[in-house]
Each structure stands twice: as structure tokens, then as C-alpha cells.
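Open the model in your viewer and keep the sequence panel visible. The stops below say what to select and what is there.

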Amino acid sequence: MEYNFKVLVSDPLSDSGLIPLQKQGDIQIDIKTDLSDQELRECIGEYDALMVRSGTQVTAPIIQAGSQLKVIARAGVGVDNIDIDAATEGGIIVVNAPTGNTVAAAEHTVAMLMALARNIPQADAHVRRGQWKRGQFTGVEIRDKVLGSIGFGRVAQEVARRAQGLGMSVLATDPFVSAEYAEQRNVKMATLEEVIRGADFLTIHVPFNEQNRNLISTQQFAMMKPTARILNVARGGILDEEALVTAIDAGQIAGAALDVFAEEPIDSNSPLRQSSKIILTPHLGASTKEAQEQVAEDVAIQVVDVLNNRPARYAVNAPMIPSKDLDILMPYIDLAEKMGRFLCQLGAQGLHDFEITGHGRLADFDLAYVSAAAMRGLLCDVLQTRVNLVNVGLIAEQRGMNLIERKEANHTLRYDTLLTLRATYSETIEDEDGPGLRKEEKEWVVRGAILQDEAYIVAIDDVWVDFPAQGNLLVSRHNDRPGIIGKVGALLGESDVNISFMHVGRHKPRTKAIMVIGTDEQVSEERIDTLTTFEHIDWLKPVSL
């Protein structure tokens with residue numbers, strides 16, 4: 001039989017997960033799970049698709065050797081073993097299965113929580129040693145306890161539902177989930193510190209990145225209740241393992257349950273192994289028969305879609321832009337991502353509306369690529385999944401955001417072709433007309449343009465102030481008064497911070513003004529704290545683009 005496509009499966013996958021491929025009839029499936037890196041590189045050139053789990057390292061040389069590859073599929077969530085940039089450069093779509101193991105991870109989290117509350121692994125080991133001292137293993141009930149969730153994505157929401165069914169209340173922190181979205185799920189949103197201080201059981205559900213490295217460490221353990229317990233079934237490295245052992249030994253917290261670690265497998269001499277108050281499992285969060293079948297099926301369906309020129313549901317890199325639009329859109333895609341990152345660092349969090357408007361010539365194009373880039377910039381530090389054309393709407397929905405696209409071919413703004421991002425959120429404030437609180441709609445507005453082939457931000461909150469969207473920036477809003485700019489410049493000079501540019505925008509003299517300063521060096525937190533205390537400065541924020 002002649003096949004139209006060839007698919008290589010280089011890691012063990014569930015047989016039932018391959019059924020969508022087998023049903024096609026025109027796809028040859030080769031299962032080779034013992035290939036060395038060299039062997040894979042030598043044979044990959046004849047395949048249209050590669051399906052892997054975590055075992056196969058899909059490096060740039062392998063991708064470059066895959067001259068016919070159209071899709072690389074990871075049966076699971078993490079794509080750390082795939083060189084995404086090399087795949088994107090080669091026009092190869094990378095897909096994963098971010099939802100297939102959601103229930104498995106949530107159930108494992110709850111199982112660890114119950115084991116932690118009732119000392120089940122320790123009691124089991126005790127009995128197997130021939131002992132029967134029940135008083136050593138008095139546990140705690142989880143009913144009426146507070147579950148604190150750091151992050152409120154898919155897995156966290158499933159954990160919350162189960163915890164609520166067991167009589168727990170849930171407190172969560174996630175800067176990109178709106179309070180209204182959480183309230184619909186009977187979850188209260190709070191700051192990270194409030195969640196840490198208020199939790200009886202603290203569970204981690206955020207991606208690992210440099211921002212989240214050792215997110216929970218000595219300072220955070222000191223905030224926790226001495227009766228509190230912590231769980232991590234997300235990613236290793238988010239929790240400082242050395243600080244955890246110290247905190248437990250000092251009685252700062254009551255215990256921990258870990259499924260993931262900074263280094264896996266953990267060292268045989270790791271102090272984690274020595275503490276009887278820490279439960280350890282070998283990264284089992286996704287290890288259920290059902291989850292393995294589901295993730296294999298999810299990626300198999302996507303492989304079929306890509307091979308048949310249909311969009312993949314969970315592509316982790318953006319599809320190729322049509323060549324006729326490439327020259328026009330690429331600069332604005334880059335600009336949109338920078339504007340999204342700019343908004344994120346200004347403090348655009350807990351949004352319910354995120355609006356993208358293309359003015360002038362941009363109105364002639366499909367803005368899906370531009371919207372995806374803006375969302376990617378807005379959420380880049382909080383999601384494991386790359387935001388792209390395929391999943392941008394789904395991710396916005398999961399974060400409780402309403403993604404809106406608008407086009408204005410004819411407008412009266414300062415620049416002919418312009419991109420506007422408008423982020424709207426609700427803030428609870430005291431009601432000036434009477435006792436109690438009320439919600440007030442607030443927004444951030446940022447406009448950008450391409451000037452002399454460079455990305456520029458040209459307005460903030462409808463104050464025109466154009467500056468290059470790159471490097472280290474200090475952005476402030478202040479009352480336009482004599483001497484303010486000089487005071488800021490003098491302090492930066494005293495700190496040996498070199499200013500590369502400074503732009504100020506205002507509607508009219510002695511009203512609110514926006515100032516943007518570019519610096520060659522990052523400004524220390526101490527100096528930023530000092531600058532924010534200056535009279536007439538409403539707010540000042542450091543931004544890095």
C-alpha cells in the first residue's frame with residue numbers, strides 16, 4: 001500500500017492513542033522507541049511527523065535533519081525537550097496536550113493533600129516495621145480549612161472544585177485571572193502574601209521560569225502558619241527545597257508533599273529524604289492510564305489535522321504567516337508583543353476585557369496574528385503554554401478575559417497606521433456617597449506605531465509620548481510642576497545610571513503628565529522606592545523590553 005504520510009513514534013505511547021492515526025488509512029506509523037540521538041537524526045528526514053513524550057530530546061540538529069517534518073507532537077504538557085525556536089524557524093508546528101492530564105494532576109494533588117493531612121505514608125511505613133504507636137500519627141481534618149492556591153489555571157481550578165467538595169474554602173492568587181471569574185467559582189482572589197499567610201494547605205500551580213524560581217523560600221515560609229502544609233505537583237524549582245527542610249525542622253510549617261523537584265531524580269543524599277514530615281512521589285502527577293491514553297489521543301488528532309492542512313487545537317508555536325502579508329505584519333507582530341509586555345509590567349492584571357484595535361492600514365489585515373502576539377506579551381511570564389493564533393481565544397477565556405478585536409480604517413489619531421491595546425479591569429473602592437464598597441471600571445491604554453522601521457510606543461492613557469519600545473525604561477505619571485524632571489535626573493545621576501533618552505507628554509501645562517526615561521542600566525529597587533516618594537509623582541514603574 002502507498003502511504004501519503006509517515007509518522008515516527010520515538011517514545012512509548014498508549015496504543016489506543018494511536019487509533020486516530022490508524023483510522024486515516026494513508027498514514028504509515030513506525031514505532032521506534034530505542035533510537036539514539038544519532039540514529040534519530042539519520043532517519044528523521046523521511047518522516048512527516050514525529051510523536052514523542054519526555055524521553056526523546058528533539059534538538060535543533062534533529063529538527064534541521066527533518067527535511068519533510070510538518071509537525072512535532074508532545075504527548076503531554078511540557079515541551080522542554082523540543083527546540084521550539086528551531087521548529088518555528090523550520091516552519092514546523094509543535095503541538096502538545098495541555099488538558100489531557102489535567103484531572104490526573106488535580107487528583108494527585110488532592111491525594112497528596114489527604115496523605116499529608118493524615119500522615120498516611122509515615123503510618124504505613126510504621127506498621128510495616130511491626131509497630132503500632134497510633135498516637136504518633138494524629139492528623140488534621142481538612143473540612144473548614146483554607147486551601148491557598150498559587151496560580152489559578154486549569155489544574156488549580158480542578159483542585160479547587162474537589163477541595164470545595166471536601167468542605168474547604170479556596171483562596172487563590174493569579175494576576176491574570178479576574179476577581180469576577182474566580183467569584184463565579186466560589187474562589188476569593190488575593191495577593192500572594194495574603195494567600196501564603198491565610199492558607200492551611202498551600203498548593204503551587206504556576207509554571208517554572210526565572211521569575212518563579214524559588215518563589216516560595218525562606219521569607220515565605222516565615223509568613224505561613226506553623227500548622228500549615230505545602231504541596232507542589234507543578235514544577236520543580238518553584239519551591240526552595242533547602243529552605244523547606246529548614247522551615248520544617250524549625251517548626252515554621254507542619255509538613256510538605258512534593259511530586260516534582262529541582263533535579264530529577266533527587267539525589268540519594270538529599271535532605272528531603274531525611275525528613276519524616278515530607279511526603280515524596282516520583283513525578284506521578286500525569287501518571288494515570290486514562291491520562292496517558294488521553295494525551296496520546298489528543299496529539300494524534302492534531303497530527304492528523306496538521307498533515308491535512310487544518311489548524312491544530314494546541315499548537316505551541318504560531319503558524320506561518322501568509323507570504324503576501326509577511327512584510328507588512330511582522331513589524332506589528334513584534335510591536336504588539338512588546339506592547340503586551342509593557343502593559344503587563346505597568347500592572348495590567350485581573351483584566352476582564354483586552355481590546356486590540358488596528359488603525360489605518362492595519363485594518364486591511366486579519367489581526368489574529370497581532371492579537372496572539374499581544375496576548376503572548378501580556379501573559380509570557382505566567383503561562384507554560386506559548387500563546388499563538390490557535391489557542392489565544394481559549395487562553396483568554398480560561399483567564400476570564402474577553403478578547404476584542406477592532407479595526408478603524410478611518411481615524412483622526414496622530415499617526416496614519418497605529419495599534420492600540422486597551423486593558424479594562426474592575427477595582428473595588430470605598431463608596432464616597434455612603435458606607436460600603438463599590439466597583440469602578442478602570443483601564444490602561446497603550447498605542448504603538450512603526451516609525452522608521454522601529455517599534456515605538458507613542459501614547460500611554462491617551463497622553464502622546466513617543467519612545468522606542470526597547471531597553472530599560474522608567475515610566476511615571478506626575479503632576480506637571482517645575483523641578484520634577486530635574487529631581488529624577490539628579491537622583492539617577494547620583495546612582496551612576498546613564499540616561500539614554502527622556503520624553504514627556506501632557507495635555508496642557510500643569511496637568512497630569514507622562515514621563516518615560518530610557519536608561520543604560522537597570523535602576524535598583526531602592527532607588528525606585530525613593531523616586532516614588534517624590535512629591536507630585538502619582539506612580540513610577542520600571543519596565544524592561
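**Stop 1: a covered helix**

Select helix 14, residues 368-379: the helix is mostly covered, with eleven of its twelve residues buried. Buried means under 20% relative accessible area, exposed means over 50%, and partly exposed is in between, using a 1.4 Å probe and protein chains only. Helices (H or I, at least four residues) and strands (E, at least two) are DSSP runs, numbered from the N terminus.

Before going further, note that this is a predicted model, in which local features need pLDDT of at least 70, side-chain atom pairs count only at pLDDT 80 or more, and totals for chains, interfaces and linings use all residues. Residues are numbered from 1 along each chain as its sequence is written, and side-chain values use heavy atoms, leaving out hydrogens and water.

Colour the buried residues of helix 14; among them are Tyr369, Val370, Ser371, Met375 and Leu379. From its first C-alpha to its last, helix 14 reaches 16 Å, close to the 16 Å expected at 1.5 Å a residue. The expected span is 1.5 Å times one less than the number of residues.

Now pick Ser371 in helix 14. Is Ser371 buried or exposed? Its relative accessibility is 0%, so Ser371 counts as buried. Leaving out residues up to four places away in sequence, Ser371 touches Ile356, Val392 and Glu405. Touching, or contact, means heavy atoms within 4.5 Å.

**Stop 2: a parallel sheet and the helix on it**

Go back towards the start of the chain and display the open sheet of five strands, which has the order 2-1-3-4-5 and parallel pairing. Two strands pair if DSSP finds at least two bridges between them. Strand 2 (27-31) and strand 5 (93-95) are the edge strands, each pairing on one side only. On average, neighbouring strands of this sheet are turned by 15° against each other, direction ignored. Axes are lines fitted to C-alpha atoms, for helices over the stretch in contact, and angles run from 0 to 180 degrees between N-to-C directions.

Select residues 49-52 and 71-74: these are strand 3 and strand 4, which run parallel and are joined by four bridges. Which residue of strand 4 is the bridge partner of Val52? The partner is Arg74.

Add helix 12, residues 289-307, which packs on the sheet and touches strand 1 (5-9), strand 2, strand 3, strand 4 and strand 5. The direction of helix 12 makes about 170° with that of strand 4.

**Stop 3: salt bridges**

Stay on helix 12 and show the side chains of Glu293 and Lys289, which meet in a salt bridge (2.8 Å, N to O). A salt bridge is a side-chain nitrogen of Lys or Arg within 4 Å of a carboxyl oxygen of Asp or Glu. Glu293 and Lys289 are four residues apart in helix 12, which means that about one helical turn separates them. Glu293 is partly exposed at 26% relative accessibility, whereas Lys289 is exposed, with a relative accessible area of 60%.

How many salt bridges does a search of the whole structure find? The search finds 20.

Next select Arg422 and Glu355, whose side chains meet in a salt bridge (3.8 Å, N to O). Arg422 lies in strand 15 (residues 418-430) and Glu355 in strand 13 (residues 351-359), so this pair ties together parts 67 residues apart in sequence. Glu355 counts as buried at 15% relative accessibility. Add Arg406 and Glu443 to the selection: with Glu355 and Arg422, these residues are linked in a network of salt bridges.

Move to Asp538 and Lys512, which form a salt bridge with the closest N and O atoms 2.6 Å apart. Asp538 is in strand 22 (residues 537-544) and Lys512 in strand 21 (residues 512-519), 26 residues apart. Asp538 is partly exposed at 34% relative accessibility, and Lys512 is partly exposed at 38%.

**Stop 4: a hairpin**

Finish at strand 17, residues 454-460, where five of the seven residues are buried, so the strand is largely enclosed by the rest of the structure. Strand 17 runs antiparallel to strand 18 (residues 463-468), and four bridges join the two. Find Ile457, which stands opposite Phe467 in strand 18. The hairpin of strand 17 and strand 18 has two residues between the strands, and Asp461 takes a positive phi near 50° there.
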